[in-house]
Amino acid sequence: MKKVFLGLGIVLGTLAFAQKTSGPRVGIKAGMNVSSISQDGGLSDTKSKIGFNAGLYLNAPISGSFSIQPEVIYNDLGSKVTFESGSYKSSYSTKLGYISVPVMFQYNATPEFYLEAGPEFSFLVNADSKLKDNYGNSSSVDMGTDNFNTFNFGVGLGLGYRITNNIGINARYTAGVTKIGKDDNIIGRQFEDSRNNVFQVGLGYTF
């Protein structure tokens, strides 16, 4: 009887170890966004805005070479436009906050290095604008999510490197497919033909 329980213990321990090392694993991630909006407010001279991303992911191996990684992250997107007239300089920033759900299909070229691609589904949760100048004046305006399309779809392409079994770095570019603004209100029409684009770099920790 003791041998039976010992055998069961060994089997269960082996299964638990296999699950821990090769099964689905949860992780956390955070990083920097360099985002832009194509034709921000109808303007073509927009510049990138620095933001951030942070959230959770689940990495699930499909085979020895492929895995799928769905994520839930907060995405700080937008862009910046600068104006200059004589000694007066100002910048206008558009900040769009999304809850994003990327679903990345990863190809493990080596045990450490991988390539990834997949869709990203995002939902707008806040939209703000900020104007500031070189004289120290600044003002912020809540543009309201009702003025924008609350759903945003993009396609991501990236690569990553697993430094250790738990720590990894990742770089990804996501191009927006759907339009940001609605065509039935003033603010929305400014972004009617605009799309989100973002380059992300970050660090992940897998448990």
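The following exchange covers the nonpolar core and two aromatic pairs of a predicted model.

Local features need pLDDT of at least 70 and side-chain atom pairs count only at pLDDT 80 or more, while totals for chains, interfaces and linings use all residues. Residues are numbered from 1 along each chain as its sequence is written, and side-chain values use heavy atoms, with hydrogens and water left out.

Colleague: Which strands each supply at least two residues of the largest nonpolar core?

Modeller: A nonpolar core is a set of buried Ala, Val, Leu, Ile, Met, Phe, Trp, Tyr and Cys residues joined through side-chain atoms within 4.5 Å. The largest has 11 residues, including I37, L96, A127 and F148. Strands are DSSP runs of E, at least two residues, numbered from the N terminus. Those supplying at least two core residues each are β5 (88-108) and β6 (113-133).

Colleague: Is F66, in its pair with Y107, buried or exposed?

Modeller: F66 and Y107 form a tilted aromatic pair, 5.3 Å centre to centre with 50 degrees between the planes. Rings of Phe, Tyr and Trp (its six-membered ring) pair if their centres lie within 6.5 Å; planes under 30 degrees apart are stacked, over 60 edge-to-face, the rest tilted. Buried means under 20% relative accessible area, exposed over 50%, partly exposed in between (1.4 Å probe, protein chains only). At 43% relative accessibility, F66 is therefore partly exposed.

Colleague: How many residues apart in sequence are the parts tied together by F121 and F153?

Modeller: F121 and F153 form a tilted pair, 5.5 Å centre to centre and 45 degrees between the planes. F121 lies in strand β6 and F153 in strand β8 (residues 151-162), so the parts tied together are apart in sequence by 32 residues.

Technical notes: Helices (H or I, at least four residues) and strands (E, at least two) are DSSP runs, numbered from the N terminus.
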